Amino acid sequence: MSVGTVLWGVKSIFYVLSDDDKKEYKCVIKGKTLNTEFNLKNRREVSPLVAGDRVDFDKSSPTEGLINRRLKRINEIKRLKSGGREVQTLAANIDQLVIVDSIYNPPFRTFFIDRCLFTADCMNVKSIIVFNKIDLLDEAVAEFYKFTVGAYEKLGYKTLETSIVTGAGIDELKETLKGKISSFNGHSGVGKSSLIAKLDPNFSSIKIGGISKKFDRGVHTTTYAQMYRLEEDTMIADTPGIREFSIFIDKPEDVENNFRDFDDYRPDCKYPNCQHRDEPDCAVRKAVEIGDIYGFRYESYLRIRETIAKLKDSRIL
Ligand SMILES: Nc1nc2c(ncn2[C@@H]2O[C@H](COP(=O)(O)OP(=O)(O)OP(=O)(O)O)[C@@H](O)[C@H]2O)c(=O)[nH]1
Ligand SMILES: [Mg+2]
Ligand SMILES: [Zn+2]
């Protein structure tokens, strides 16, 4: 029996990098189902194995194998799909989540970034925000962009600005990824695959898409997550772009606890179970009013709460 890491897979075939000989094996799941040790509460899991999963498997030939079991995940970046009826894991066992957004085409959205940050924080995974296509920064968005970057930096999140056109920030990105397993997440068309291709010429065959004119959004080019090995110990999961990053959360009370900007104020709310909406003497809302907490972060918080309430109503949570 060997242990390895799933690099990528479609439908029922998974490519596994074996720990012992560092070779790739084309594997299928033994039997038809996999014991995933995960309570899905009647939801369907899109795929039982994703890039980054650790499995034990038997080699059946020098290039093929049979997967017996998925090992317990250290962490996983999950989202809900199909109105909450399906759970999709984007990557598992990662050291850091790289949230990629673009300055323009498509324009960056703080709500998306906040949901990703929130998901990573719930999982205790470090996150980095990459603003790609910095070459497209013009006066119209410069001020808002600067404000946003400043806000995230102040909250303690690392931000990077990159461009595959000018090469800006690519070396810094490489340095940030070195020796770690990272997952690139972001909307379709922000340039996740382009960045990975830029990091190593060996990845030049990676599929890069165009932007669909009609929606001013990317046409989905990457259709499944795939792990790229930059060096022996540096791995990057390129995940398909997502329109919606519906958060997946097990415990609704996690919402408050994972807005780090609220931490200093929460203890001063009148009610210990304050949800910071319309309760009297809410220290969080007061901090928002006087500008000590960013308004856009508070908006994101409310929207995440709303999502969770809806899921509860439809008994998905
Ligand atoms: N101007 C500019 N264009 C870029 C940059 N990075 C990527 N692009 C373009 O953006 C488009 C989308 O790039 P992709 O790398 O396919 O985007 P993706 O995030 O992988 O998209 P999905 O696979 O659909 O999730 C392509 O036309 C790229 O050439 C950049 O830094 N500057
Ligand atoms: Mg892609
Ligand atoms: Zn409150």
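Helix α4 spans residues 192-199, and seven of its eight residues are buried, so the helix is largely enclosed by the rest of the structure. The buried residues are K192, S193, S194, L195, I196, A197 and K198. Several elements surround them. The buried residues of α4 pack against strands β9 (96-102), β10, β12 (181-185), β15 (226-231) and β16 (234-238), and against helix α3 (170-177).

All of this is read from a predicted model. The protein chain has an average pLDDT of 85, and 85% of the residues score at least 70. Confidence is highest in strand β11 (residues 158-161), at a mean of 98. Strand β13 (residues 211-212) has the lowest, at a mean of 41. Across residues 210-219 the pLDDT is below 50. That stretch still has 23 contacts in the model beyond near neighbours in sequence.

Now the overall build. The protein chain holds seven helices and 17 strands. Of its 317 residues, 38% are buried. Many contacts span long stretches of sequence: among contacts with a separation of 6 or more, 62% join residues 24 or more positions apart.

Next, the core. In soluble globular proteins, nonpolar side chains tend to be buried together. Here the largest nonpolar core has 70 residues. A51, A91 and I99 have the most contacts inside it. Helix α1 (residues 110-122) gives this core its largest share, seven residues. Take A91 as a way in. Leaving out residues up to four places away in sequence, A91 touches V50, A51, G52, I77, S183, A225, A237 and T239. One of these partners, A51, is itself among the residues with the most contacts inside the core.

Strand β10 (residues 126-132) is one of the elements that α4 packs against. Two adjacent residues in this strand repay a closer look. I129 is found in β10, and I128 is too. Which of the burial classes does each fall into? I129 has 23 C-beta neighbours inside 10 Å, so it counts as buried. I128 has 19 other C-beta atoms within 10 Å, so it is partly exposed. The cut-off for buried is 20 or more.

The partners of the two residues come next. Setting aside neighbours within four places in sequence, I129 is in contact with I99, I113, Y152, Y157 and T159. I99 is one of the residues with the most contacts in the largest core. I128 touches Q96, V98, I99, K158, L160 and T176, again not counting residues up to four places away. I99 therefore appears in the contact lists of I129 and I128, where contact means C-beta atoms within 7 Å. Two C-alpha separations add scale. I128 and L160 lie 32 residues apart in sequence and 7.7 Å apart in space. I129 and V149 are 20 residues apart along the chain, with 9.0 Å between their C-alpha atoms.

Return to helix α1, this time for its packing. Two packed helices are described by the angle between their axes and the distance between the axes. The axes of α1 and helix α7 (residues 295-313) come within 10 Å and cross at roughly 65°. That makes α1 roughly perpendicular to α7. The crossing is right-handed. On the α1 side, the meeting residues are T110, F111, D114, R115 and F118. On the α7 side, they are F296, R297, S300, R303 and I304. An α-helix has 3.6 residues a turn, so residues three or four places apart point the same way.

Last, the backbone. Most residues other than glycine have a negative phi, and most peptide bonds are trans. Where does this chain depart from that pattern? The peptide bond from N105 to P106 is cis, with omega near 0°. P106 sits in the loop between β9 and α1. K22 has a positive phi of about 60° although it is not a glycine. N93 also has a positive phi, near 55°. K22 lies in the loop between β2 (13-18) and β3 (24-29), while N93 lies in the loop between β8 (86-92) and β9. Are these two residues buried or exposed? K22 has 10 C-beta neighbours inside 10 Å, so it counts as exposed. N93 has 22 inside that distance, so it counts as buried.

Technical notes:
Residues are numbered from 1 along each chain as its sequence is written. Chains are lettered from A and ligands numbered from 1 in the order in which they are written. This is a predicted model: local features need pLDDT of at least 70, side-chain atom pairs count only at pLDDT 80 or more; totals for chains, interfaces and linings use all residues. Helices (H or I, at least four residues) and strands (E, at least two) are DSSP runs, numbered from the N terminus. A residue is buried if 20 or more other C-beta atoms lie within 10 Å of its own, exposed if 12 or fewer, and partly exposed in between; C-beta atoms are placed from the backbone. A nonpolar core is a set of buried Ala, Val, Leu, Ile, Met, Phe, Trp, Tyr and Cys residues joined through C-beta atoms within 7 Å. pLDDT is the predictor's confidence in each residue, from 0 to 100. Axes are lines fitted to C-alpha atoms, for helices over the stretch in contact, and angles run from 0 to 180 degrees between N-to-C directions. Angles under 35 degrees count as roughly parallel, over 145 as roughly antiparallel, 65 to 115 as roughly perpendicular and the rest as oblique. A crossing is left-handed if the near helix is turned anticlockwise from the far one by less than a right angle, and right-handed if clockwise.
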